[in-house]
Amino acid sequence: MSFRKEKKFRLTFSDQKEMKNSLISLGMKSLFPSRNINSAYFDTDHLDMFTDSEEGILPRKKIRVRWYDNEKILKKETKVSSIEGRYKLSEIFISNNFLNNFKSTLLDCNYGLIRPILIVSYSREYFLLNNLRITFDNNINYRDLRSTIYKPLFDEECVVEIKTPKNISDDYIESIIKHSTSRFSKYSRGLLKTSKNNSIFT
(Lines give C-alpha, C1' and ligand atoms only; values in the text may rest on other atoms or scores of the structure.)
Protein backbone atom coordinates (compact mmCIF):
# COMPACT_ATOMS: atom_id res chain seq x y z
CA MET A 1 0.00 0.00 0.00
CA SER A 2 1.08 3.61 -0.52
CA PHE A 3 -0.14 6.47 1.64
CA ARG A 4 -1.40 9.55 -0.13
CA LYS A 5 -2.46 13.07 0.70
CA GLU A 6 -5.85 14.42 -0.34
CA LYS A 7 -6.89 18.07 -0.41
CA LYS A 8 -10.46 19.07 -1.22
CA PHE A 9 -11.89 22.42 -2.24
CA ARG A 10 -15.65 22.94 -1.93
CA LEU A 11 -16.74 25.43 -4.58
CA THR A 12 -19.65 26.90 -6.46
CA PHE A 13 -19.81 26.07 -10.17
CA SER A 14 -18.58 29.55 -11.11
CA ASP A 15 -15.67 29.40 -8.63
CA GLN A 16 -14.68 25.97 -9.96
CA LYS A 17 -14.65 27.28 -13.51
CA GLU A 18 -12.51 30.24 -12.43
CA MET A 19 -10.06 27.92 -10.63
CA LYS A 20 -9.80 25.67 -13.67
CA ASN A 21 -9.02 28.57 -16.01
CA SER A 22 -6.43 29.90 -13.57
CA LEU A 23 -4.66 26.54 -13.30
CA ILE A 24 -4.71 26.04 -17.07
CA SER A 25 -2.91 29.38 -17.39
CA LEU A 26 -0.23 27.95 -15.05
CA GLY A 27 0.27 24.93 -17.31
CA MET A 28 -2.32 22.43 -16.10
CA LYS A 29 -2.96 19.77 -18.77
CA SER A 30 -5.71 17.24 -19.30
CA LEU A 31 -4.62 13.81 -18.03
CA PHE A 32 -7.53 11.55 -19.13
CA PRO A 33 -10.85 12.05 -20.93
CA SER A 34 -13.68 13.06 -18.61
CA ARG A 35 -16.13 10.35 -17.58
CA ASN A 36 -19.22 9.74 -15.48
CA ILE A 37 -18.61 7.88 -12.22
CA ASN A 38 -21.07 5.92 -10.11
CA SER A 39 -20.38 4.65 -6.59
CA ALA A 40 -22.60 2.53 -4.36
CA TYR A 41 -21.50 3.13 -0.76
CA PHE A 42 -21.90 0.32 1.76
CA ASP A 43 -22.57 0.70 5.48
CA THR A 44 -24.11 -1.08 8.44
CA ASP A 45 -27.79 -0.75 9.27
CA HIS A 46 -26.77 1.68 12.02
CA LEU A 47 -24.57 3.72 9.63
CA ASP A 48 -21.42 3.11 11.64
CA MET A 49 -19.09 4.16 8.79
CA PHE A 50 -21.02 7.40 8.35
CA THR A 51 -20.83 8.10 12.09
CA ASP A 52 -17.09 7.37 12.25
CA SER A 53 -16.53 9.72 9.30
CA GLU A 54 -18.57 12.52 10.86
CA GLU A 55 -16.79 12.16 14.20
CA GLY A 56 -13.32 11.78 12.69
CA ILE A 57 -12.70 8.39 14.28
CA LEU A 58 -9.38 6.70 13.39
CA PRO A 59 -8.97 4.19 11.98
CA ARG A 60 -12.09 4.16 9.78
CA LYS A 61 -13.18 2.91 6.37
CA LYS A 62 -15.40 3.75 3.46
CA ILE A 63 -16.36 0.85 1.23
CA ARG A 64 -17.93 1.31 -2.19
CA VAL A 65 -18.51 -0.46 -5.47
CA ARG A 66 -17.63 1.79 -8.41
CA TRP A 67 -18.40 1.66 -12.11
CA TYR A 68 -18.29 4.02 -15.08
CA ASP A 69 -21.11 4.78 -17.49
CA ASN A 70 -19.12 3.67 -20.52
CA GLU A 71 -18.11 0.31 -18.99
CA LYS A 72 -19.80 -2.11 -16.62
CA ILE A 73 -16.70 -3.44 -14.87
CA LEU A 74 -17.35 -3.23 -11.13
CA LYS A 75 -14.60 -2.50 -8.62
CA LYS A 76 -14.79 -2.73 -4.86
CA GLU A 77 -12.79 0.10 -3.32
CA THR A 78 -11.89 0.37 0.35
CA LYS A 79 -10.65 3.77 1.51
CA VAL A 80 -8.83 3.56 4.83
CA SER A 81 -8.05 6.53 7.05
CA SER A 82 -5.56 5.74 9.79
CA ILE A 83 -3.16 7.55 12.09
CA GLU A 84 -0.36 6.82 9.60
CA GLY A 85 -2.29 8.31 6.66
CA ARG A 86 -4.77 7.38 3.96
CA TYR A 87 -4.68 4.66 1.35
CA LYS A 88 -7.06 2.87 -1.00
CA LEU A 89 -7.43 -0.81 -1.83
CA SER A 90 -9.12 -1.89 -5.07
CA GLU A 91 -10.29 -5.23 -6.43
CA ILE A 92 -12.71 -6.53 -9.04
CA PHE A 93 -16.25 -6.99 -7.72
CA ILE A 94 -18.06 -9.91 -9.30
CA SER A 95 -21.87 -9.82 -9.31
CA ASN A 96 -24.29 -10.62 -12.11
CA ASN A 97 -27.24 -8.65 -10.74
CA PHE A 98 -25.71 -5.84 -8.69
CA LEU A 99 -26.56 -3.05 -11.13
CA ASN A 100 -30.15 -4.31 -11.39
CA ASN A 101 -31.10 -4.55 -7.72
CA PHE A 102 -28.20 -3.34 -5.50
CA LYS A 103 -28.99 -6.16 -3.07
CA SER A 104 -25.48 -7.47 -2.38
CA THR A 105 -24.16 -7.69 1.16
CA LEU A 106 -20.54 -7.88 2.32
CA LEU A 107 -18.89 -8.98 5.54
CA ASP A 108 -16.23 -6.56 6.74
CA CYS A 109 -13.73 -7.59 9.40
CA ASN A 110 -14.22 -4.33 11.33
CA TYR A 111 -17.84 -3.38 10.73
CA GLY A 112 -19.53 -6.73 10.21
CA LEU A 113 -22.41 -7.08 7.74
CA ILE A 114 -22.71 -4.13 5.37
CA ARG A 115 -24.99 -3.39 2.44
CA PRO A 116 -25.48 -0.67 -0.22
CA ILE A 117 -26.88 2.52 1.32
CA LEU A 118 -26.35 5.35 -1.17
CA ILE A 119 -25.48 5.80 -4.84
CA VAL A 120 -23.40 8.84 -5.77
CA SER A 121 -23.04 9.81 -9.44
CA TYR A 122 -21.06 12.65 -10.98
CA SER A 123 -18.90 13.72 -13.89
CA ARG A 124 -15.12 13.99 -13.38
CA GLU A 125 -12.37 15.75 -15.31
CA TYR A 126 -8.73 14.73 -14.80
CA PHE A 127 -5.75 17.10 -14.94
CA LEU A 128 -2.06 17.20 -14.06
CA LEU A 129 -0.08 20.23 -12.93
CA ASN A 130 3.58 19.55 -12.18
CA ASN A 131 3.28 16.55 -9.82
CA LEU A 132 -0.26 17.34 -8.63
CA ARG A 133 -3.13 15.17 -9.86
CA ILE A 134 -6.21 17.41 -9.89
CA THR A 135 -9.82 16.32 -10.49
CA PHE A 136 -12.91 18.47 -11.03
CA ASP A 137 -16.23 16.87 -10.02
CA ASN A 138 -19.52 18.32 -11.28
CA ASN A 139 -23.20 17.41 -11.51
CA ILE A 140 -23.06 15.43 -8.27
CA ASN A 141 -26.29 13.63 -7.39
CA TYR A 142 -27.37 11.21 -4.70
CA ARG A 143 -29.89 8.37 -4.44
CA ASP A 144 -30.72 6.80 -1.07
CA LEU A 145 -31.22 3.08 -1.57
CA ARG A 146 -33.15 2.73 1.70
CA SER A 147 -35.85 5.14 0.61
CA THR A 148 -38.87 4.59 -1.62
CA ILE A 149 -38.09 7.96 -3.22
CA TYR A 150 -35.91 7.02 -6.19
CA LYS A 151 -35.52 10.47 -7.75
CA PRO A 152 -31.89 11.59 -7.33
CA LEU A 153 -31.08 14.76 -5.41
CA PHE A 154 -28.56 17.13 -6.96
CA ASP A 155 -25.80 18.91 -5.07
CA GLU A 156 -25.72 22.67 -5.57
CA GLU A 157 -21.93 22.69 -5.09
CA CYS A 158 -18.97 20.89 -6.64
CA VAL A 159 -15.53 19.85 -5.53
CA VAL A 160 -11.92 19.97 -6.69
CA GLU A 161 -9.61 17.30 -5.31
CA ILE A 162 -5.83 17.15 -5.28
CA LYS A 163 -4.15 13.79 -4.71
CA THR A 164 -0.41 13.63 -4.12
CA PRO A 165 2.17 11.40 -2.44
CA LYS A 166 2.33 12.01 1.29
CA ASN A 167 5.74 13.68 1.05
CA ILE A 168 4.44 16.68 -0.95
CA SER A 169 4.32 19.66 1.41
CA ASP A 170 1.15 21.60 2.16
CA ASP A 171 3.06 24.83 1.51
CA TYR A 172 3.76 23.71 -2.05
CA ILE A 173 0.10 22.93 -2.68
CA GLU A 174 -1.01 26.22 -1.12
CA SER A 175 1.41 28.13 -3.35
CA ILE A 176 -0.56 26.86 -6.35
CA ILE A 177 -4.13 26.67 -5.02
CA LYS A 178 -5.17 29.87 -3.26
CA HIS A 179 -8.56 28.62 -2.04
CA SER A 180 -9.03 27.26 1.46
CA THR A 181 -9.44 23.51 1.81
CA SER A 182 -12.69 22.13 3.20
CA ARG A 183 -14.29 18.81 4.02
CA PHE A 184 -16.35 17.33 1.18
CA SER A 185 -17.41 13.73 1.74
CA LYS A 186 -19.84 12.78 -1.01
CA TYR A 187 -21.15 9.90 1.08
CA SER A 188 -21.81 12.06 4.14
CA ARG A 189 -23.28 14.92 2.11
CA GLY A 190 -25.51 12.51 0.24
CA LEU A 191 -26.92 10.94 3.40
CA LEU A 192 -27.51 14.31 5.03
CA LYS A 193 -29.20 15.74 1.95
CA THR A 194 -31.40 12.75 1.23
CA SER A 195 -32.40 12.53 4.90
CA LYS A 196 -34.21 15.84 4.54
CA ASN A 197 -36.63 14.12 2.15
CA ASN A 198 -37.45 11.14 4.38
CA SER A 199 -37.57 10.16 8.04
CA ILE A 200 -34.48 7.96 8.20
CA PHE A 201 -32.61 10.15 10.70
CA THR A 202 -35.64 11.23 12.77
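How many disulfides does the structure hold? The count is zero. Keep in mind as we go that this is a predicted model. Two cysteines are still worth a look. Cys109 has a relative accessibility of 72%, and because exposed means over 50%, Cys109 counts as exposed. Cys158, in contrast, counts as buried, with a relative accessibility of 0%. Cys158 also falls within β10, the strand that spans 158–165.

Let us turn next to the pockets. Rolling a probe the size of a water molecule over the atoms shows where empty space is left. The largest pocket encloses about 690 Å³. Its lining is made up of 35 residues, and those closest to the centre of the pocket are Glu6, Lys8, Lys79, Arg86 and Glu161. Which strand gives the largest share of this lining? That is β3, with six residues. Other elements that each supply at least two residues include β1 (4–11), β2 (29–43), β4 (71–81) and β5 (86–92). Further along the chain, β7 (112–129), β10 and helix α5 also supply at least two each. In chemical terms, the lining of the largest pocket splits into 21 charged, eight nonpolar and six polar residues.

The second largest pocket has a volume of about 190 Å³. One part of its lining is the run Asn101, Phe102, Lys103, Ser104 and Thr105, and the other lining residues are Arg115, Pro116, Arg143, Leu145 and Tyr150. Here the lining divides into four nonpolar, three polar and three charged residues.

Helix α5, which we met at the largest pocket, deserves a visit of its own. Nine of the ten residues in this helix (186–195) are buried, so the rest of the structure largely encloses α5. The buried residues are Lys186, Tyr187, Ser188, Arg189, Gly190 and Leu191, together with Lys193, Thr194 and Ser195.

Now for some individual residues, beginning with Arg64 in strand β3. Is Arg64 buried or exposed? With a relative accessibility of 6%, Arg64 counts as buried. Its side chain makes a polar contact of 3.1 Å with the side chain of Tyr41. Beyond its neighbours within four places in sequence, Arg64 is in contact with Ser39, Ala40, Tyr41 and Phe42, and also with Lys75, Lys76, Glu77, Lys79 and Lys88. One of these, Lys79, is a residue we saw among those closest to the centre of the largest pocket.

Met19 sits in helix α1 (residues 13–25). Met19 is buried too, with a relative accessible area of 6%. Setting aside neighbours within four places in sequence, Met19 is in contact with Phe9, Leu11, Phe136, Val160, Ile177 and His179. The fold also brings together parts of the chain here: Met19 and Lys178 are 159 residues apart along the chain, while their C-alpha atoms are separated by 9.1 Å.

We can finish with Phe3, in the segment before β1. Phe3 counts as partly exposed, at 30% relative accessibility. Leaving out residues up to four places away in sequence, Phe3 touches Ser82, Glu84, Gly85, Arg86 and Tyr87, along with Pro165 and Lys166. Arg86 is another of the residues closest to the centre of the largest pocket. How far apart in space are Phe3 and Tyr41, C-alpha to C-alpha? They are 22 Å apart, with their positions 38 residues apart in sequence.

Key: Residues numbered from 1 in each chain as written. Predicted model: local features only at pLDDT ≥ 70, side-chain atom pairs only at ≥ 80, totals over all residues. Heavy atoms only, no water. Buried < 20%, exposed > 50% of the residue type's maximum accessible area, 1.4 Å probe, protein only. Helix = DSSP H or I, 4+ residues; strand = E, 2+ residues; numbered from the N terminus. Disulfide = S-S within 2.5 Å. 1 Å grid on protein atoms, 1.4 Å probe; cavity = no way out; pocket = protein on both sides within 12 Å on 5 of 7 lines; lining within 4 Å. Points joined across faces, edges and corners; volume = space filled by probe spheres on them. Nonpolar A, V, L, I, M, F, W, Y, C, P; charged D, E, K, R; others polar. Contact = heavy atoms within 4.5 Å. Polar contact = N/O pair within 3.5 Å; in protein donor to acceptor, adjacent residues only side chain to side chain.
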